[in-house]
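Q: Please take a close look at the interior of this protein. I would like the enclosed spaces treated in detail, then the packing around them.

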Amino acid sequence: MSRSSLYPCGQTRREFVWQMGGGFAGLALTSLLDQDGFFDRHARADASPASPLAPKPQHFPTRAKSCIFLMMNGAPSQVDTFDYKPQLAKYAGQPLPEGKDYINSGGRKVGFLTPAFRPFRPGGESGLMISDYFPHVREHADKLAVINSCHTDSHAHGSALVAMNTGKTFIGRPSLGAWAVYGLGTENQSLPGYVVILDKRGGPISGQPNWSAGFMPATYQGTLFRPVGDPILDLRGPSHITREARRDQLDLLEQLNHRHLSSRPGGSELAARINSYELAFRMQQQAPEAVDFSQETAATLDMYGVGTSPTDEFGRNCLVARRLVERGVRFVQLYSGGGHLEETWDAHESIEKNHGRHGAEVDQPIAALLTDLEQRGLLDETLIVWGGEFGRMPFSEGQGAPGRNHNPYGFSMWLAGGGVKGGLQYGSTDEFGFEAIENRVHLHDLHATILHLMGLDHERLTYFHQGREESLTDVAGQVVTDVLA
């Protein structure tokens, strides 16, 4: 069996015919596909390419070389952060008008229209209205493209988080970061191409599928860095084993693994493990330096809020993200909020208590990240994405209650940096902030736009899986061209 006869999932052409139906009909289909060049396009010469993370050309030139996704786990309230709705004060205490049907997530109590819990104020020359939960970010209003018309397909945290990260509400799909690294590779072969830093309170409730490579080779999945302490455990080997000895051990292990793999084609997990061993060896030299804050000035640490409560953890994570993209890492995702309910942005109990706490943790570090990237000339080539898995309702959970329930119908996210038009508000919800009504942006549109800003065409970036060309946005998604600089 020649390697050139292998197809996705390690199939031979005969096995592919059988999967497609077998018999004379399958042979006829195979003949037509062969004439169309199908097999030549999808034949896979080797299950373990020498360098699957090597840099690859963009589909078209763009400014952004990397992306930092600031995931506000638990879903911030749009009407209390970036979607200014003065009508909520005018109609406070009244029910949501009839005709606005919604799913009452969790069967929680339904209350009355409730104004924003903190004032909104204009920021920058653009005058973007931003809440007092984000006073430091407001100073960067002219860098932000705020999309106030996002909507998604689920009102449950687990499935909505998976959808925001992978495009679908069910698990098993590659994440946005995996698609970016699959399409572009990474510029530093001694660091992971895709890094995820969780909150010390825990990860998202749907867990690992949020940074998974899905049906792609495991090489493209996210690498977890710890949010506190040493970001990478056990990176340094035993002191009594020299680097040369470790190199000899890895060379022998690679020979044995490749021998095993050659008789079992299509083993993407083993191929990924081989590559991960090599990456870990290279990381032993470069990763400690990448997360070494001793190289940073006291002024920089102070700007991020490192060493000060409550900004220390997220400030450190933002600084690590800057140092990673500075060294060529393609995609970094930082989580604010971990575990469940009030430990995240899931403000059922009290918007003021919840958003006051989490906003204070992230506002200064995010502003510092924008400032730092700009001062270093990196903001033009780094795309920043901010948002949660959905938004929150404009009414309270019960009469006079200070919390808000889940809202997938309309919420806010913002972009900044590489190739983004700053000082822009795009789309809108209705007068109460309940549902997107103008220039609606589905998460497929958001993903298409993020990929576009990184130089990838979401329709051309595909992976052949089980007889189908798969993509992040499937058959949907439109680039939101109005937010492009």
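A: In this predicted model, the count comes to 4 cavities of 30 Å³ or more. The largest cavity has a volume of about 40 Å³. Its lining includes Asn73, Gly74, His157, Leu161 and Ile205. Gly339, His340, Leu341, Thr344 and Asp346 also line the largest cavity. By class, that lining has 3 nonpolar, 6 polar and 1 charged residues. Asp346 is the charged one, because Asp counts as charged. Leu161, Ile205 and Leu341 are the nonpolar ones, because Leu and Ile count as nonpolar.

Asn73 leads on to another buried site. Serine 336 touches Asn73, and Asn73 also lines the largest cavity. Serine 336 lies in strand β7, residues 331-336. Serine 336 has a relative accessible area of 2%, so it is buried. Besides Asn73, the contacts of serine 336 include Met71 and Met72. Asp199, Phe314, Trp345 and Val362 touch serine 336 too. Residues up to four places away in sequence are not counted there.

Next, the nonpolar packing. In soluble globular proteins, nonpolar side chains tend to be buried together. Here the largest nonpolar core has 51 residues. Within this core, Leu383, Leu415 and Val483 touch the most other members. Helix α7, residues 176-184, gives the most to this core, with 7 residues. A second, separate core has 48 residues. Ile197, Cys318, Ala347 and Ile351 are among the members of that second core.

Val483 deserves a closer look. Valine 483 touches Leu415, itself one of the three residues with the most contacts to other core members. Valine 483 also touches Ala145, Ile147, Gly419 and Val420. Lys421, Leu424, Tyr426 and Thr449 complete the list for valine 483, again leaving out residues up to four places away in sequence.

Now the cysteines. Cysteine 318, a member of the second core, has 0% relative accessibility, so it counts as buried. Cysteine 67 is likewise buried, because its relative accessibility is 0%. The count of disulfides comes to 0.

Finally, the chain as a whole. The chain has 13 helices and 17 strands. Buried residues make up 56% of its 485 residues. Among contacts with a separation of 6 or more, 77% join residues 24 or more positions apart.

Definitions and conventions: Residues are numbered from 1 along each chain as its sequence is written. This is a predicted model: local features need pLDDT of at least 70, side-chain atom pairs count only at pLDDT 80 or more; totals for chains, interfaces and linings use all residues. Side-chain values use heavy atoms; hydrogens and water are left out. A nonpolar core is a set of buried Ala, Val, Leu, Ile, Met, Phe, Trp, Tyr and Cys residues joined through side-chain atoms within 4.5 Å. Buried means under 20% relative accessible area, exposed over 50%, partly exposed in between (1.4 Å probe, protein chains only). Helices (H or I, at least four residues) and strands (E, at least two) are DSSP runs, numbered from the N terminus. Contact means heavy atoms within 4.5 Å. A disulfide is a pair of cysteine sulfur atoms within 2.5 Å. On a 1 Å grid over the protein atoms alone, a cavity is a set of points where a 1.4 Å probe fits but cannot get out, and a pocket is an open set with protein on both sides within 12 Å along at least five of seven lines; lining residues have an atom within 4 Å of a point. Grid points are joined across faces, edges and corners, and a volume is the space filled by probe spheres set on the points.
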